[in-house]
Amino acid sequence: MSRYLLRSAKYLVQLVLLLTVLFTVMLLTGTAAGDSPAEMLFSTKGALMAALLLAVAAAYPSYGFTSRRVAADFTADREKIVRAMDMGGYVPGETKDGVMAFHTRNALKRLWRMGEDTLTVTPVDGGVMITGLRKEVINAYYRLGATI
């Protein structure tokens, strides 16, 4: 549960940063609809926006992260798994208790994702389980499916 709350808080920070940049650009270019920053943030509209941000951030870990099973042999196909992850821009991290971890090679991606860039590959009956960010897991699933 604590990991869920941490991921939710990180996503809330990302949303707030993104909206801050968006509002700043709107104000600097004069495309804001006449609202001052105080009117946008400290009004009923601002309270509604804050509530919506909190709701989206609270739900994010449940739809932003997933797991997919791939039919592969963890030990026999290890090199193919590492090669497929490398093709997707991931480098091997630590392997602990039979779980391989991969991190994105791109430092900016890792910074933007606030450290939530890890894909784990775990042996399960009749295959391996890939766990991490939904988009990256789906990409890795198809790369591994094509490689193995």
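Where does Met114 lie? Let's begin there and then walk through the rest of the model, which is a predicted one.

1. **Met114, a loop residue with an unusual phi.** Met114 lies in the loop between helix 5 and strand 4, the latter covering residues 119-124. Its backbone is worth a look: Met114 has a positive phi of about 55°, although it is not a glycine. As background, most residues other than glycine have a negative phi. On the question of cover, Met114 is partly exposed, because its relative accessible area is 26%, and that value falls between the cut-offs of 20% and 50%.

2. **Asp97, a second positive phi.** Asp97 also has a positive value, with phi near 55°, in a residue other than glycine. Look for Asp97 in the loop between strand 2 (90-96) and strand 3. Asp97 counts as exposed, because its relative accessibility is 76% and the cut-off for exposed is over 50%.

3. **The loop after Met114: Glu116 and Lys10.** Which residue forms a salt bridge with Glu116? The partner is Lys10, and the closest N and O atoms of the pair are 3.2 Å apart. This pair links distant parts of the chain, since Glu116 sits in the loop between helix 5 and strand 4 while Lys10 sits in helix 1, 106 residues away. Glu116 is buried, with a relative accessible area of 9%.

4. **Arg113 and Glu136.** Another salt bridge joins Arg113 to Glu136, with 3.0 Å between the closest N and O atoms. Arg113 belongs to the loop between helix 5 and strand 4 and Glu136 to helix 6 (residues 134-147), so this pair ties together parts that are 23 residues apart in sequence. Are these two partners buried or exposed? Arg113 is buried, with a relative accessible area of 15%, and Glu136 is buried as well, at 5%. Salt bridges that share partners also make a network: Arg3, Arg7, Lys10 and Glu116 are joined into one.

5. **Asp117 and Arg110.** Asp117 forms a salt bridge with Arg110, and here the closest N and O atoms are 3.0 Å apart. The two partners fall into separate classes of exposure: Asp117 counts as buried at 2% relative accessibility, whereas Arg110 is partly exposed at 34%. If you would like to find the rest yourself, the count for the model comes to seven salt bridges.

6. **A nonpolar patch on the surface.** Val13, Leu17, Leu18 and Trp112 make a nonpolar surface patch of about 390 Å². Which helix gives the largest share of the patch? That is helix 1 (residues 2-29), with three residues. Trp112 has its place in helix 5 (residues 107-112). Trp112 is partly exposed, with a relative accessible area of 45%.

7. **How helix 1 meets helix 3.** A little background helps here: two packed helices are described by the angle between their axes and the distance between the axes. Helix 1 packs with helix 3 (residues 44-64) at an angle of about 135°, and their axes are 8 Å apart. That makes helix 1 oblique to helix 3. The crossing in which helix 1 passes helix 3 is right-handed.

8. **How helix 4 meets helix 6.** The axes of helix 4 (residues 78-87) and helix 6 come within 9 Å and cross at roughly 130°. Helix 4 and helix 6 are therefore oblique to each other. Their crossing is right-handed. Helix 6 has already appeared in this note, as the helix that holds Glu136.

9. **Two distances to try in the viewer.** Sequence separation and spatial separation can be checked side by side. Thr104 and Thr118 are 14 residues apart in sequence and 7.1 Å apart in space, C-alpha to C-alpha. Thr104 is found in strand 3 (residues 99-104) and is buried, with a relative accessible area of 3%. How far apart in space are the C-alpha atoms of Ala50 and Ala107? They are separated by 30 Å, with their positions 57 residues apart along the chain. Ala50 lies in helix 3 and counts as partly exposed at 36% relative accessibility.

Note on methods. Residues are numbered from 1 along each chain as its sequence is written. This is a predicted model: local features need pLDDT of at least 70, side-chain atom pairs count only at pLDDT 80 or more; totals for chains, interfaces and linings use all residues. Side-chain values use heavy atoms; hydrogens and water are left out. Patches are made of residues with over 30% relative accessible area and no salt bridge: like charges are joined within 9 Å, nonpolar side chains (Val, Leu, Ile, Met, Phe, Trp, Tyr) within 5 Å. Accessible areas come from the Shrake-Rupley method with a 1.4 Å probe; for residues, only the protein chains shown count as cover. A salt bridge is a side-chain nitrogen of Lys or Arg within 4 Å of a carboxyl oxygen of Asp or Glu. Helices (H or I, at least four residues) and strands (E, at least two) are DSSP runs, numbered from the N terminus. Buried means under 20% relative accessible area, exposed over 50%, partly exposed in between (1.4 Å probe, protein chains only). Axes are lines fitted to C-alpha atoms, for helices over the stretch in contact, and angles run from 0 to 180 degrees between N-to-C directions. Angles under 35 degrees count as roughly parallel, over 145 as roughly antiparallel, 65 to 115 as roughly perpendicular and the rest as oblique. A crossing is left-handed if the near helix is turned anticlockwise from the far one by less than a right angle, and right-handed if clockwise.
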